[in-house]
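Work through the exercises below with the model open beside you. Each task is followed by a stepwise solution.

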Amino acid sequence: MAEDPPVVVGVSGASGAPIAVRVLDALKAANVPVALVISDGAVAVLREECGIAPESLASRAARTYSDHDLGAPIASGSSPTRGMAIVPCSSNTVARVALGLGDTLLTRAAHVHLKERRRLVIVPRESPLPTTLLRHLTTLSELGVVVLDAAPPYYLHPKSVDDQTAYLAGKVLDHLGVPHRLYHGWKSGGG
């Protein structure tokens, strides 16, 4: 029996590491295998925002790859996946993917998803958005990438940062086609 293809999750060095943790926990709870790549920049952010080491994220994945391992299976289009999310996605990572620079496993895996026309979701974290980043995000959107802004869901009346984080993680899973119970959407008939 063939193994289910994984969802590739890339964690880059932008603020928003709690969203990545929540996405990984939800994928594990849904029994979806994960191929995880953590950039060098993400290590410090994980410690600062979540108080965890990369090994803690690795325990949530079926397989973890070094960002320097360009020979990993997810660097090739012949390795099937269920899609990819880069969460959070730094402006540097956005630019490298938009410009076609596949110099790390995270950016190479993103390029594989683009060339194979597979689902790619990015959660950029920057404020305010500089013009160059807006141009790169437009390029990625035109290529079919889901650009999921990490905006809070005020219409759901979140009571905490955790509620907002769960919502954002749920939106990532929505775009990857993974069922979840992280938030309840807009109620029919208005809010």
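**Exercise 1. Helix α5**

Task: Find which elements the buried residues of α5 pack against, and decide whether His111 is buried or exposed.

Solution.
Step 1. This is a predicted model. In it, the buried residues of α5 pack against strands β1, β2, β3, β4 and β5, and against helix α4 (91-98).
Step 2. List those residues. They are Leu105, Leu106, Thr107, Ala109, Ala110, His111, Val112, His113 and Leu114.
Step 3. Set this against the helix length. Nine of the 11 residues of α5 (residues 105-115) are buried, so the helix is largely enclosed by the rest of the structure.
Step 4. Turn to His111, which lies in α5. Its relative accessible area is 13%. Buried means under 20%, so His111 is buried.
Step 5. Find the contacts of His111. Beyond residues up to four places away in sequence, His111 touches Arg96, Val97, Gly100, Leu101 and Gly102.
Step 6. Look just past the helix. Arg117 follows α5 and has a positive phi, near 60°.

**Exercise 2. The sheet**

Task: Give the order of the strands in the open sheet, and explain why β3 and β6 each have one side without a neighbour in the sheet.

Solution.
Step 1. Trace the strands across. Six of them form an open sheet in the order β3-β2-β1-β4-β5-β6, with parallel pairing.
Step 2. Check the ends. β3 (63-66) and β6 (146-147) stand at the edges, and each has a single partner strand, so one side of each lacks a neighbour in the sheet.
Step 3. Take the pairing of β1 with β2. The two run parallel and are joined by five bridges. Val7 stands opposite Val34 in β2.
Step 4. Take the pairing of β1 with β4. It is parallel too, over four bridges. Here Val9 stands opposite Ala85 in β4.
Step 5. Inspect β2 itself. Five of its five residues are buried. Val34, Leu36 and Ile38 point one way, while Ala35 and Val37 point the other way.

**Exercise 3. The nonpolar cores**

Task: Which residues touch the most other members of the largest nonpolar core, and which element gives the most to this core?

Solution.
Step 1. Pick out the best-connected members. The largest nonpolar core has 38 residues, and Val9, Val23, Leu27, Leu36, Leu57 and Val87 touch the most other members.
Step 2. Map the core onto elements. Two or more residues come from each of β1 (7-11), α1 (17-29), β2 (34-38), α2 (40-50), β4 (83-89), β5 (120-124) and α7 (161-176).
Step 3. Identify the main contributor. α1 gives the most, with eight residues.
Step 4. Follow Leu27. Leaving aside neighbours within four places in sequence, Leu27 is in contact with Val7, Val9, Val32, Val34, Leu173 and Val178.
Step 5. Look for another core. A second, separate one has 24 residues, including Ala35, Val97, Ile122 and Leu133.

**Exercise 4. Helix α1 and its surroundings**

Task: How do the axes of α1 and α2 cross, and which residues does Ile19 touch?

Solution.
Step 1. Note how such a pair is described. Two packed helices are characterised by the angle and the distance between their axes.
Step 2. Apply this to the pair. The axes of α1 and α2 come within 8 Å and cross at roughly 90°. Angles of 65 to 115 degrees count as roughly perpendicular, so α1 is roughly perpendicular to α2.
Step 3. Name the contact residues. Ala17, Pro18 and Val21 of α1 meet Val45, Leu46, Glu49 and Cys50 of α2. By class, the contact has six nonpolar, no polar and one charged residues.
Step 4. Move to Ile19, which lies in α1. It counts as buried at 6% relative accessibility. Outside residues up to four places away in sequence, Ile19 touches Val87, Ala150, Thr165, Leu168 and Ala169.
Step 5. Check one of these pairs. Ile19 and Val87 are 68 residues apart along the chain, yet their C-alpha atoms are separated by 6.9 Å.
Step 6. View the packing from Thr165, which lies in α7. Thr165 counts as buried at 10% relative accessibility. With residues up to four places away left out, Thr165 touches Pro18, Ile19 and Arg22.

**Exercise 5. A loop glycine**

Task: Is Gly51 buried or exposed?

Solution.
Step 1. Locate Gly51. It is in the loop between α2 and α3 (54-58).
Step 2. Apply the cut-off. Exposed means over 50%. Gly51 has 65% relative accessibility, so it counts as exposed.
Step 3. Add a distance. Gly51 and Gly185 are 134 residues apart in sequence and 30 Å apart in space, C-alpha to C-alpha.

Key:
Residues numbered from 1 in each chain as written. Predicted model: local features only at pLDDT ≥ 70, side-chain atom pairs only at ≥ 80, totals over all residues. Heavy atoms only, no water. Core = buried A, V, L, I, M, F, W, Y, C linked by side-chain atoms within 4.5 Å. Buried < 20%, exposed > 50% of the residue type's maximum accessible area, 1.4 Å probe, protein only. Contact = heavy atoms within 4.5 Å. Pairing = 2+ DSSP bridges. Axes fitted to C-alpha atoms, helices over the stretch in contact; angles between N-to-C directions. Parallel < 35°, antiparallel > 145°, perpendicular 65-115°, else oblique. Nonpolar A, V, L, I, M, F, W, Y, C, P; charged D, E, K, R; others polar.
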